[in-house]
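Work through the exercises below with the sequence and the model side by side. Try each task before reading its solution.

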Amino acid sequence: MIHYLLRWTLLFGALFIFACSDSVQHLKKTTSVLQPENVIPDLLNDSNRINGEDLYSPCALEDLYLARHNNPMWFKKDELTPQGDTLLYILHHANYYGLAQEDYHVSTLDQLNALRIKNRAEVKLLASLDILMTDGLLALANHIHYGRVDKDRLILKSKEAELDSSLWNVMSHAISKNHLGRGLEMLEPQNKFYHLLKNDLKTKLDSLPLVL
C-alpha cells in the first residue's frame, strides 16, 4: 500500500513539474514577442523627437499610424518592402527637387538601417526607422508643394510642417497605388520655369562624378 501511494505521489509530482515548465516556457514566448504596432504609439506619444531627430509632422503621423492600427508602412515583418526601398531612394535624391536631403532624416535613416540589418530582432529600432521614413516623406511632400523657404521673410520655414487634407489625399493615394514618385510629381508647381530649372538641375547632377 505504501509503495502504491509513493508511486502515485511521484507520478503527480512529475506531472506538476512538467506542467509548470510548459507554463513558464509559454509565458516566456508570449511576453518576449514584441511587435512594432506595440512600440510605434509609444514612440509617437513620448515626444516629437525620434532618435534625436525632430519630427516635421507629429500630429499627422499619429493620425496616419492610428488609421493603420500602428502597423509599419515600409516593412513587412523585418524586411524593407519594395516601396520602402523606393522611398529611401527618393529621400536620398531630394537634391533633384532642389532640396537638401539632410532635411529628411537621411543620415539617421542610413545609420538605423545599417543597425537593423545587423540586428533584425530589434523592434524599437525598426519602428523608429519606419516613423522617420514616413516623416521624411511628409516633409518632402510639403516642401515640394509649398516650398522650403518662407517667401515673405526669405528664411527657411520652421521644422514642423503639418499637412493639409488635399496634400495628404494625394500622398495617401500614391502610397496605396505604390506610385510615390508620381504622387510627388503631382504636388510640384505647374510653372514652366520651375520645370525648366528642375530639368537643368538634373542634367548638372547627373554629370557629376559618382562619389563612392
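Helices (H or I, at least four residues) and strands (E, at least two) are DSSP runs, numbered from the N terminus. This is a predicted model: local features need pLDDT of at least 70, side-chain atom pairs count only at pLDDT 80 or more, and totals for chains, interfaces and linings use all residues. Residues are numbered from 1 along each chain as its sequence is written, and side-chain values use heavy atoms, with hydrogens and water left out.

**Exercise 1. Place the salt bridge between Arg 182 and Glu 185.**

Step 1. Take the criterion: a side-chain nitrogen of Lys or Arg within 4 Å of a carboxyl oxygen of Asp or Glu. The N to O distance here is 3.4 Å.

Step 2. Locate the partners. Both sit in helix α8, three residues apart, about one turn of the helix.

Step 3. Check accessibility. Buried means under 20% relative accessible area, exposed over 50%, partly exposed in between (1.4 Å probe, protein chains only). Glu 185 has 39% and is partly exposed.

Step 4. Put the pair in context. The whole structure has six salt bridges.

**Exercise 2. Which parts does the salt bridge between Lys 198 and Glu 188 tie together?**

Step 1. Read the distance: 2.7 Å, N to O.

Step 2. Assign the elements. Lys 198 belongs to helix α9 (residues 192–207), Glu 188 to the loop between α8 and α9, so the bridge links parts 10 residues apart in sequence.

Step 3. Compare the environments. Lys 198 is partly exposed at 21%; Glu 188 is buried at 5%.

**Exercise 3. Describe the salt bridge of Asp 206 with Lys 202.**

Step 1. The closest N and O atoms are 2.7 Å apart.

Step 2. The two residues lie four apart in helix α9, about one helical turn.

Step 3. Asp 206 is partly exposed at 43%. Lys 202 is partly exposed at 42%.

**Exercise 4. Map the largest nonpolar core.**

Step 1. Define the set: buried Ala, Val, Leu, Ile, Met, Phe, Trp, Tyr and Cys residues joined through side-chain atoms within 4.5 Å.

Step 2. Count and rank. The core has 45 residues, and those with the most contacts inside it are Trp 74, Ile 131, Leu 140, Met 171 and Leu 184.

Step 3. Find the suppliers. Helices that each give at least two residues include α2 (36–46), α5 (106–118) and α7 (165–176). The largest share, 14 residues, comes from α6.

Step 4. Inspect Trp 74. Beyond its neighbours within four places in sequence, its contacts (heavy atoms within 4.5 Å) include Leu 87, Met 133, Leu 137, Ile 175 and Leu 180.
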